[in-house]
Amino acid sequence: TSPDLRPTSCSVSLEVLGGGDASVSVLTISGAEMEQAANFTCSGKNNVTNFIGSPEEDVSQFSTTNIPYFLKQLPEETRTVITMSQTLTCVVIGQTLPTVEWLKDGQPLLPPGAQGADITSSSSNTTLTSSVTVMSVGQSNAGRYTCLANNSDGMDSQSTTLIVQEPASVLVIDPPSTARKDTLEVSFTCVVMGFPLPVVQWARRNTSEGSPLMFIEEDSRISFTSEEGSVGSNQLNSTLTIASLEL
């Protein structure tokens with residue numbers, strides 16, 4: 001057999017050990033692929049005679065497995081924005097055409113359309129392309145997605161974490177909107193949402209027409225406190241407190 005030993009991922013080296021009347025020759029193939037599967041025969045030659053190994057004793061059989069491997073790796077993280085469409089794709093190769101199963105957080109995405117995710121696949125010869133698509137991404141779609149490839153020789157997998165980002169929005173500002181002069185302090189609470197959690201800044205504008213918006217800084221009378229909402233809510237409650245009012 002005359003296998004192709006020249007693919008870019010494969011290197012071949014030949015080393016002769018020993019000396020005198022005997023020597024040992026070592027053939028090394030690094031990065032072997034399926035195309036290098038073959039029977040290799042060792043033969044010797046000098047100026048006296050030729051020697052060719054007998055088929056029974058001197059033939060070494062070299063074979064490669066057909067475990068699936070991925071043509072392109074998924075990124076460690078995939079970021080998208082809420083309500084947008086997102087597609088994750090894996091391309092897998094195997095001499096025996098693999099099958100692909102998608103998992104989310106270790107659980108199969110079954111049945112088709114589960115958690116708003118649709119799965120499509122196409123194949124050509126030894127290559128299979130599989131994609132999972134979410135048409136309108138929500139926070140429930142965030143998680144660890146795994147493409148699991150399997151054939152009769154083994155399996156392989158690759159994963160990516162889908163991170164769903166959410167633009168900052170103000171849900172409500174809790175008054176009071178007025179305060180009397182004898183009030184000791186007044187507080188305003190602002191509820192915002194977003195992922196990552198937004199950074200809140202407070203500002204004021206005088207009641208006169210055309211007055212500029214001025215950011216408020218903490219001092220001896222003014223303080224800010226923040227409290228995150230329940231786990232997974234992506235909500236932040238920020239409170240501005242003003243003591244010793246000056247009207």
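Strand 8 (residues 77-81) and strand 15 (residues 154-174) run parallel and are joined by five bridges, strands being DSSP runs of E with at least two residues and helices runs of H or I with at least four, both numbered from the N terminus, and two strands counting as paired if DSSP finds at least two bridges between them. The model is a predicted one, in which local features need pLDDT of at least 70 and side-chain atom pairs count only at pLDDT 80 or more, while totals for chains, interfaces and linings use all residues. Residues are numbered from 1 along each chain as its sequence is written, and side-chain values use heavy atoms, with hydrogens and water left out.

**The chain as a whole**

- The secondary structure comes to 20 strands and zero helices.
- Of the 247 residues of the chain, 28% count as buried, a term that stands for under 20% relative accessible area, with exposed meaning over 50% and partly exposed the range in between (1.4 Å probe, protein chains only).
- Among contacts between residues at least 6 apart in sequence, 56% join residues at least 24 apart, a contact being heavy atoms within 4.5 Å.
- The chain exposes about 16400 Å², of which carbon and sulfur atoms supply 52%; the areas come from the Shrake-Rupley method with a 1.4 Å probe, and for residues only the protein chains shown count as cover.

**Strand 15 and its partners**

- In the parallel pairing with strand 8, Val81 stands opposite Gln165 of strand 15.
- Strand 14 (residues 143-151) runs antiparallel to strand 15 and is joined to it by nine bridges, with Thr161 in strand 15 as the bridge partner of Arg144.
- The connection from strand 14 to strand 15 is a hairpin through two residues.
- Strand 16 (residues 185-195) also pairs with strand 15, in the antiparallel sense and over six bridges, and Met193 in strand 16 is the bridge partner of Ser169.

**An open sheet of four strands**

- Four strands form an open sheet in the order 7-9-13-12, with antiparallel pairing.
- Strand 7 (69-72) and strand 12 stand at the edges of this sheet, and because each has a single partner strand, one side of each is left without a neighbour in the sheet.
- From one strand to the next the twist averages 30 degrees, where axes are lines fitted to C-alpha atoms (for helices over the stretch in contact) and angles run from 0 to 180 degrees between N-to-C directions.
- Strand 12 and strand 13 run antiparallel and are joined by eight bridges, one position in this pairing being Ser124, which stands opposite Thr127 in strand 13.

**Nonpolar cores**

- The largest nonpolar core has 17 residues, of which Phe70, Trp102, Leu109, Val132 and Tyr145 touch the most other members; such a core is a set of buried Ala, Val, Leu, Ile, Met, Phe, Trp, Tyr and Cys residues joined through side-chain atoms within 4.5 Å.
- Strand 9 (86-93), strand 13, strand 14 and strand 15 are the elements that give two or more residues to this core.
- Apart from this core lies another, of nine residues, among them Val186, Trp202, Ile216 and Leu240.
- Leu109, when residues up to four places away in sequence are not counted, touches Trp102, Leu103, Lys104, Ala114, Gln115, Ala117, Ile119, Val132 and Tyr145.

**Surroundings of Ser238**

- Ser238 is found in strand 20 (residues 235-243) and is buried, with a relative accessible area of 2%.
- Leaving aside residues up to four places away in sequence, Ser238 touches Phe188, Thr189, Cys190, Val200, Trp202, Thr225 and Ser226.
- The side chain of Ser238 makes a polar contact with that of Trp202 at 3.1 Å, a polar contact being a pair of N or O atoms within 3.5 Å, for which, within protein, one atom must be able to donate a hydrogen and the other to accept it, and residues adjacent in sequence count only if both atoms are side-chain atoms.
- Glu228 lies ten residues from Ser238 in sequence, and the two are 8.7 Å apart in space, C-alpha to C-alpha.

**Backbone features in loops**

- The peptide bond from Phe195 to Pro196 is cis, with omega near 0 degrees, and Pro196 is found in the loop between strand 16 and strand 17 (203-204).
- Asp105, a residue other than glycine, has a positive phi near 55 degrees; its place is in the loop between strand 10 (99-104) and strand 11 (107-108), and Asp105 is partly exposed at a relative accessible area of 46%.
- Asn125 likewise is not a glycine but has a positive phi, of about 55 degrees; Asn125 sits in the loop between strand 12 (117-124) and strand 13 (127-134) and is exposed, with a relative accessible area of 73%.
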